[in-house]
Amino acid sequence: MITFVLSLVALVLGYMLYGRFVERVFGPDNRPTPAVAKADGVDFIVLPSWKIFMIQFLNIAGTGPIFGAIMGAKFGPAAYLWIVLGCIFAGATHDYLSGMLSIRNGGANLPDIIGKYLGNVTKQVMLVFSVFLLIMVGAVFVFSPAKILGDMWEPAYFTETFGPYIFWIAIVFIYYLIATMMPIDKIIGRIYPLFAFSLLFMAGALMVMLFVKHPDIPELWEGVSGDLLTTQNIFPCLFITIACGAISGFHATQTPLMARCVKHEKMGRPMFYGAMITEGIVALIWATVAMYFFYDEPQPGYQLMGLGSDATKDAPTIVNLICNDWLGVAGGILALLGVVAAPITSGDTALRSCRLIIADFLKLEQRSMRNRLYVCVPLFVFTMGLLIWQMADKEGFNMLWSWFGWSNQALSVFTLWAITVYLVRQKRNYFITLIPALFMTVVCTTFFFSQKVFTLPVLWTWVIAGAALVVALAWFLVWYLKFNKSQK
C-alpha cells in the first residue's frame, strides 16, 4: 500500500509540475479557437470547461483503465511504475499536445495532423488505420458492457430466441446510432457528466475501501517480478496490456472532439493533461484492487471469497465481485453504472470520431442529417459485422482485444512522432515527445514481432528491441540534420 500512496502523490505532482512545464513548451495564447471561429451547432460548439473535462475523461476512459489495469496487475509492482511514469511523461503529454495541435489546426482530426507533419503517404495509412481502430473500439465496447448487464439481467425471451447478451447489444447499438448523429451538446453534453461522476465515484469508493482493508500486497522495492499470475514477459507485454492509464493512441482520436468545443487555449492543460492524469489515478486504484484480488497475503482476495484461480482470468467478473463485496448493493450498483457507462460512452465517441474522420476525407459537410446518415449507415454495418465475428468465435473477444491493444499503442507512436516534428519545426523542446516516441516505437515493434508474428525467446526479444531503437533514432537524426540544413 505504500507504493500505491507514493504513486498517487506522484501523479498529482506530475500534473502540477510536469504538466505546467509541457504547457509552457507549447505556449497557448489568446487566438480564436475552432469552437468560436467555426461554430456550426453540431460538432463545433463552445462548452463549459467543467463539462469538457468530464466528457474528455469519459471519452478516453472506457474499460481501458479498469480492465487493462486488472490484467496488467498480474505483472506485479511493475504496473505501478508504468502507470505513473507512462501517464506523466508519455500519456498526458501525448493527450495535451495532440489536443492543442488539433486546436491550432482548426479542430483537425488525427490523420490530418499526422499527414501535415509526417507526409501524405503516412496520412493515408493512418486514415485507414484510425478508422479500423475506432471500429474495433466500437465493437469491443459494445460487447463488454452488454456482457456485464446481461450477467445481471436480460429478458428470457431474447436469451432463448436470439442468445445471450443480444438484448443489451441491440440497446447499446441503438444508443450509439443516436449519439453519433446528434449534435454534441444534445446527448453527450448532457448525460456524460453524470456517467463520469459515476466512474469517479466508483474509483473514490474503492480507494477508501483500500485504506480500510489495507491489504498486504507486493511493494515496488520487493522486486518487479517474482511469483506472478502470468507467463508473459514484462517487456513488452506490460506496456501493451496497460494502455489507457499510461498512454493510448486512441485518446488522440478523441481529443479533436473536445478541441472543437474549447473556448480558450489556456483551458487545454486541465482538459487534456488533467483528464489523462485522472485516468491514471483510476487505473492505479484498479491495479491496486486487482493486486489484492491476485496477491494479498496470507490469502489473495479470490481465495477469501471462496473462488478458484479461474476467477483471475475474467476482468468483468472481477469488477462485479469486488464492487458487490466491498461497496454493498447500493454502492455496487452505482459503481457498476460507471463501469458500464464508461465503455458505452467511449464506444459512441469512437464512432462519432470515425464519422468525422471519414466525412473530412470525403469532404462531406456534417451540418445536415442526410450527410451524417451517408457516413453512419455503412460505418455501423461494418461495426456490426465485426461484432458478429467476435461473438461467433469463442476466442474472438480476446483476439480483438489483443489486436486493439497493439493497434492502440501503434497509433500513439505515429502521434508522438508527428508532435515531435512539430516541436522541432517550432524550435521548442522536442525531447518531451522524442523519448516517449522512441520508447513506444521499440515496444510496438518488439511486441509485433515477438508476440503477434512469432513467439521468440527473451534474447531475441531484446535483439529486436535494440534494432528498433537504432533504426528509429537513425531515421530521426537523418531527418533532423536535413531539416536544419534546409533552414540555413
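User: Where in the chain does Lys363 lie?

Analyst: Lys363 sits in the loop between α15 (315-362) and α16 (369-392). Please keep in mind that this is a predicted model.

User: What is the sign of the phi angle of Lys363, and how should one read such a value?

Analyst: The general idea comes first. Most residues other than glycine have a negative phi. Lys363 has a phi near 55°, a positive value in a residue other than glycine.

User: Is Lys363 buried or exposed?

Analyst: Lys363 counts as exposed, because its relative accessibility is 75% and the cut-off for that class is over 50%.

User: What is the phi of Tyr165, and is Tyr165 buried or exposed?

Analyst: Tyr165 has a positive phi, near 75°, and is a residue other than glycine. Its place is the loop between α8 (156-162) and α9 (166-181). Tyr165 is buried, since its relative accessible area is 15% and buried means under 20%.

User: How does one read a peptide bond, and which kind joins Phe235 to Pro236?

Analyst: Most peptide bonds are trans. The bond from Phe235 to Pro236 is cis, with omega near 5°, and Pro236 belongs to helix α11 (residues 234-241). The bond from Glu297 to Pro298 is also cis, with omega near 0°. Pro298, however, is in the loop between α13 (268-295) and α14 (301-304).

User: How many disulfides does a search of the whole structure find?

Analyst: A disulfide is a covalent bond between the sulfur atoms of two cysteines. A search of the whole structure finds zero of them.

User: Why does Cys237 form no such bond?

Analyst: The closest cysteine sulfur to that of Cys237 is in Cys444, and the 12 Å between them is too far for a bond; the cut-off is within 2.5 Å. Seen from the other side, the sulfur of Cys444 has Cys237 as its closest partner, at 12 Å. Cys237 is buried, at 1% relative accessibility, and Cys444 is buried too, at 5%.

User: Which residues make the nonpolar surface patch?

Analyst: The patch covers about 610 Å² and is formed by Val5, Val9, Val12, Leu13, Met16, Leu17 and Phe211. Helix α1 (residues 2-26) gives the most to this patch, namely six residues. One residue of helix α1 is Leu13, which is partly exposed with a relative accessible area of 41%.

User: Turning to the interior, which residues touch the most other members of the largest nonpolar core?

Analyst: That core has 169 residues, and the members that touch the most others are Ile70, Tyr176, Leu206, Phe272, Trp286 and Trp326. Its largest share, 19 residues, is supplied by α13.

User: What is in contact with Phe272, leaving aside neighbours within four places in sequence?

Analyst: With those neighbours set aside, the contacts of Phe272 include Gln56, Tyr96, Met100, Ile103, Thr255, Met258 and Val262. A list of this kind shows which parts of the sequence are brought together at Phe272.

User: How may one read Lys123 in the same manner, and where is it found?

Analyst: Lys123 is part of helix α7 (residues 120-152) and is partly exposed, with 25% relative accessibility. Beyond its neighbours within four places in sequence, Lys123 is in contact with Pro111, Asp112 and Gly115. Pro111 and Lys123 are 12 residues apart along the chain, and their C-alpha atoms are separated by 5.2 Å.

Notes:
Residues are numbered from 1 along each chain as its sequence is written. This is a predicted model: local features need pLDDT of at least 70, side-chain atom pairs count only at pLDDT 80 or more; totals for chains, interfaces and linings use all residues. Side-chain values use heavy atoms; hydrogens and water are left out. Buried means under 20% relative accessible area, exposed over 50%, partly exposed in between (1.4 Å probe, protein chains only). Helices (H or I, at least four residues) and strands (E, at least two) are DSSP runs, numbered from the N terminus. Patches are made of residues with over 30% relative accessible area and no salt bridge: like charges are joined within 9 Å, nonpolar side chains (Val, Leu, Ile, Met, Phe, Trp, Tyr) within 5 Å. Accessible areas come from the Shrake-Rupley method with a 1.4 Å probe; for residues, only the protein chains shown count as cover. A salt bridge is a side-chain nitrogen of Lys or Arg within 4 Å of a carboxyl oxygen of Asp or Glu. A nonpolar core is a set of buried Ala, Val, Leu, Ile, Met, Phe, Trp, Tyr and Cys residues joined through side-chain atoms within 4.5 Å. Contact means heavy atoms within 4.5 Å.
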